[in-house]
Amino acid sequence: HAPAHSLLGLPKAELHLHIEGTFEPELVFALAARNGIELPYASVEELRQSYSFDGLVSFLDLYYECMAVLRTERDFYELAMAYYERASAQGVRHAEIFFDPQAHTSRGVSIDTVIDGLSRAAADAHSTLGITGGLIMCFLRDLPVSSAHETLESVAHRVGDLIGVGLDSAEAGFPPSLFAEVYSRAAELGLRLVAHAGEEGPSDYVWEALRLLKVERIDHGVRSLEDSDLVDYLRENRIPLTVCPLSNLRLGGHVAFNALPALIEAGLFVTVNSDDPAYFGGYVGDNFTQIERVFGLSQSKLVELAQNSVVASFAPDSRKQQLL
Ligand code: ADE
Ligand code: ZN
């Protein structure tokens, strides 16, 4: 086996990363103090000790609780810069970052505050670290569809600040079909389309995301393995899956974690990503290190996974060529 540091050095694109999921406990405490907010945890250690989840919803409860201390443009900027610095050290050269505007606007933070802070960080990450990419705005699928429509229309005047739209939050009971019109409007605005599907929800949701939302990539998609026709479709159409091994391990246990080698074995277009690294025990390089260690993937397979992330990205071809 090649040493882990060479895995960190592989040029990678991060395609499934919630910026609010990079909120490390130390920064949660620092921003809470700056904003005069009292947290229901006595210390950083006590907060970190609560990071034990029995599924997606139990994680999301803590995720939304922590992000509620983000208030100002500077908060969002500092959150994102901290991410870019860690990601750069693990080989990330291009990052397409999710954010959850409704989780902020519902607390009275304006969407412009959020996008301004994150965009300024993306611009600085480009000039100081050479990281390309941008922002993918996600709709919270467990909120009313009308709220997703309103959120999209509220940024129609600045779609140039976004790469695309995504769909996240609690999956079971919130099928992609609900959001077909929202996605068709996003496409009309020139936005690229992705969606979480088949993480905890059934493989039917992956079909819906492909057929009704017309997404170009599936985020997670691990439950696709339950439908062999779907597996064939994903292989034949080279649909990228943004798989997040440490997330699957922490939220779904070993059954979900073991999807990764099965998806690779099935010949699917798999990428490796970190989802919510502050909560799941590691950034994207750590995900590579773990899958090498646990599944014994060969160096050439790991290089291929890193290259897949570049190919599956929305970077211009000229940028992809630089990174391959
Ligand atoms: N929001 C943040 N992380 C998520 C995940 N893994 N699935 C759905 N929604 C999320
Ligand atoms: Zn996710």
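Q: How many residues of each class, nonpolar, polar and charged, does the shell around ligand 1 have?
A: There are 2 nonpolar, 5 polar and 4 charged residues in it. Ala, Val, Leu, Ile, Met, Phe, Trp, Tyr, Cys and Pro count as nonpolar, Asp, Glu, Lys and Arg as charged, and the others, Gly among them, as polar. Bear in mind that this is a predicted model, where local features need pLDDT of at least 70 and side-chain atom pairs pLDDT 80 or more, while totals for chains, interfaces and linings use all residues. Residues count from 1 along each chain as its sequence is written, and chains (lettered from A) and ligands (numbered from 1) follow the order in which they are written.

Q: Which residues surround ligand 1?
A: They are His18, Gly21, Leu56, Tyr63, Asp168, Ser169, His196, Glu199, Ser247, Asp275 and Asp276. To be near, a residue needs its C-beta atom, placed from the backbone, within 6 Å of the ligand.

Q: Why is Glu73 called partly exposed?
A: Glu73 has 18 C-beta neighbours inside 10 Å, so it counts as partly exposed. The cut-offs within 10 Å are 20 or more for buried and 12 or fewer for exposed, with partly exposed in between. Glu73 sits in helix H5, and helices (H or I, at least four residues) and strands (E, at least two) are DSSP runs numbered from the N terminus.

Q: What does Glu73 touch beyond four places in sequence?
A: Thr113, Asp116 and Gly117, where contact is C-beta atoms within 7 Å. Glu73 and Val114 are 41 residues apart in sequence, yet their C-alpha atoms are 6.2 Å apart.

Q: How do you know that the span of H16 agrees with what its 13 residues should give?
A: The expected span is 1.5 Å times one less than the number of residues. For H16 (residues 299-311) that should be 18 Å, and the end C-alpha atoms are 18 Å apart, so the two agree. H5 (residues 73-89), with 17 residues, reaches 25 Å, close to the 24 Å expected.

Q: What makes the buried residues of H5 a single side of the helix?
A: Asp75, Phe76, Leu79, Ala80, Tyr83, Tyr84 and Ala87 are the buried ones. They cover an arc of only 165 degrees around the axis, which puts them on the same side of H5; the arc uses directions from the axis to the C-beta atoms. Their packing partners are S1 (12-14), H2 (25-34), S2 (92-99), H7 (111-129) and H15 (284-295).

Notes:
Two residues are in contact if their C-beta atoms, placed from the backbone, lie within 7 Å.
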